[in-house]
Every structure is written in structure tokens, then in C-alpha cells.
Amino acid sequence: RAFAARVLERLRGLPTVEGAALSAAVPLDIHGLPLRSFALEGRAQEGAAPDAALSNVVSPGYFQLLDVPFVEGADFADLHDTAAPPQVVVNEAFARRFLPAAQVLGRRLTNRGVTYTIIGVVRDSTYESFGEAPTPAVFYSYRDRPSALGEMHLRTRPGAEGVLASEVQRVVLELDASLPVFNVRTMTEHIDKNLILRKIPARLFLVVAPLLLGLVAMGVYAV
């Protein structure tokens with residue numbers, strides 16, 4: 001946790017960087033966001049399966065960096081804060097699905113034996129695929145669930161994407177020479193790579209369509 005705070009502080013100080021945050025997963029990834037079960041205070045479980053929602057672990061500043069506005073509440077406590085209780089932020093779809101017509105802020109949610117307090121509600125966003133229906137999502141704080149692995153999200157100044165990778169590697173190596181920085185890409189490159197499975201059917205259609213047209217023409221000619 002302390003190392004993550006130092007990395008973010010150094011990255012935000014780079015002249016080409018406008019904002020920085022950490023997360024356990026990236027939206028629109030080919031693997032999708034993990035689905036985690038939880039128990040919500042004051043809500044009776046429906047059916048045999050426990051309630052579940054998409055989840056991610058993010059640092060303070062993540063929502064601002066990705067332009068995901070808060071509907072109510074506030075962002076996570078600072079990574080150095082040791083006094084605040086464990087916190088979560090949920091999206092609008094979560095509030096509609098699990099807390100309709102109820103107070104959302106202050107409600108408690110339990111996952112993996114830890115109880116978290118809902119401190120904010122953010123707008124629904126795109127998590128797994130374009131055109132998806134609004135899906136309940138829970139965001140845990142990196143302060144409460146630190147990890148040795150993570151994705152650094154950086155917003156750069158226009159035109160600075162090409163030089164940023166080397167600057168990020170330099171910052172991390174100066175703090176810990178044993179840590180690698182890899183798979184550096186822009187969000188556009190990330191989306192293009194992970195939409196390849198959706199593009200395959202379209203490309204196959206471009207190949208098969210002329211063949212089908214030829215078969216139809218032969219059939220019409222035969223008739």
C-alpha cells in the first residue's frame with residue numbers, strides 16, 4: 001500500500017501526466033471483470049445463490065481519471081489513511097438492483113469476511129463490452145485490498161503517449177529495481193486488441209458473403 005502511494009505520487013509529478021490511478025482490472029478486457037458475491041445489510045437473500053456483482057479494486061482518483069462522475073457520496077480515503085473503516089463505491093445499477101427506494105450511503109456490505117461501508121455511488125459505465133445492459137458493480141479500495149499486481153492508469157497531456165512508457169519505467173525502477181513494467185498500451189490499443197474476437201465474425205462474413213452470393217446466383221440461374 002505504501003509503495004503504491006509512492007508510485008502514484010511520483011507519476012502524478014511527471015510533466016506529461018495529468019492524472020494517475022491503480023486498479024486490479026481494466027474495463028473492456030478480454031477476460032472481463034470478476035464477479036464476486038456479497039451480503040448486503042438489511043437485504044434478504046433471494047433464492048439459493050448469493051447476491052453478486054462485477055468488482056474491481058481501485059485507488060482514490062480512479063473515477064475522476066476515467067471521467068466517471070459521482071451521483072452521490074465521495075471518493076475513497078487516501079491510501080495513507082489508517083483511521084477510516086473499509087469502504088466501497090457502487091454504481092447506479094447496483095443501487096437500483098439491490099437497494100431500490102432505500103438509502104444507499106452508509107449501508108454495509110460484507111465480502112470475504114470483511115464488512116465495508118458504502119461511501120459513494122457512481123454513474124453506470126462500460127465494463128465488459130459495448131452495448132451491454134447496465135450491470136451492478138462494486139469497487140473496493142486499494143487501501144483496503146492492496147495487491148502485488150495491478151494496472152496503472154495514466155492520463156497524459158496530448159501527444160505525450162509515445163514518451164510516457166519510458167518515464168513510467170524509470171519511476172518504478174528508481175523505487176524498486178526488481179519490479180517490471182510491461183504491457184504498456186493506450187486505451188485505444190487496449191480496446192482494439194480485446195475486441196478482436198468480436199471482429200472475427202465480421203471478417204469471416206466478408207470472406208463468406210461473396211461465396212454465398214455466387215451460390216445464390218447459380219441457384220437463380222438454374223431455376
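**Figure 1. Arg108 and Glu41 join up in a salt bridge.** In this predicted model, the side chains of Arg108 and Glu41 meet with 2.9 Å between N and O. Look at where the two partners come from: Arg108 belongs to strand E7 (residues 108-111), while Glu41 sits in the loop between strand E3 (39-40) and E4. That puts them 67 residues apart, so this pair links distant parts of the chain. Both partners are partly exposed: Arg108 has a relative accessible area of 43%, and Glu41 comes in at 31%.

**Figure 2. Arg43 and Asp51 form a salt bridge.** Here the closest N and O atoms are 2.7 Å apart. Are these two residues buried or exposed? Arg43 counts as buried, at 18% relative accessibility, and Asp51 is buried too, with a relative accessible area of 9%. Both values fall in the buried class because the cut-off is under 20%.

**Figure 3. Arg96 pairs with Asp124 in a salt bridge.** The closest N and O atoms of this pair are 2.8 Å apart. Arg96 lies in helix H3 and Asp124 in the loop between E8 and E9, so the salt bridge ties together parts that are 28 residues apart in sequence. Asp124 counts as partly exposed, at 25% relative accessibility.

**Figure 4. Arg10, Arg170 and Glu174 share a network of salt bridges.** In this view, look for three residues rather than a pair: Arg10, Arg170 and Glu174 are linked together. How many salt bridges does the model have? The count comes to 10.

**Figure 5. The largest nonpolar core is made of 33 residues.** Which residues have the most contacts inside this core? They are Leu40, Phe94, Leu109, Ile118 and Val138. Plenty of elements chip in: among those supplying at least two residues each are helix H1 (2-12), strand E1 (17-23), strand E8 (114-122) and helix H4 (161-175). H1 gives the most, with 5 residues. As a bit of background, nonpolar side chains tend to be buried together in soluble globular proteins.

**Figure 6. Phe94 and its contacts.** Zoom in on Phe94 and skip its neighbours within four places in sequence. What is left is a list of contacts: Phe38, Leu40, Ala53, Leu99, Leu109, Ile118, Pro136, Ala137 and Val138. Some of these names should ring a bell, since Leu40, Leu109, Ile118 and Val138 were listed with Phe94 in the legend above.

**Figure 7. A second, separate core has 16 residues.** Members to look for include Leu54, Val58, Ile119 and Tyr127.

Conventions
Residues are numbered from 1 along each chain as its sequence is written. This is a predicted model: local features need pLDDT of at least 70, side-chain atom pairs count only at pLDDT 80 or more; totals for chains, interfaces and linings use all residues. Side-chain values use heavy atoms; hydrogens and water are left out. A nonpolar core is a set of buried Ala, Val, Leu, Ile, Met, Phe, Trp, Tyr and Cys residues joined through side-chain atoms within 4.5 Å. Buried means under 20% relative accessible area, exposed over 50%, partly exposed in between (1.4 Å probe, protein chains only). Helices (H or I, at least four residues) and strands (E, at least two) are DSSP runs, numbered from the N terminus. Contact means heavy atoms within 4.5 Å. A salt bridge is a side-chain nitrogen of Lys or Arg within 4 Å of a carboxyl oxygen of Asp or Glu.
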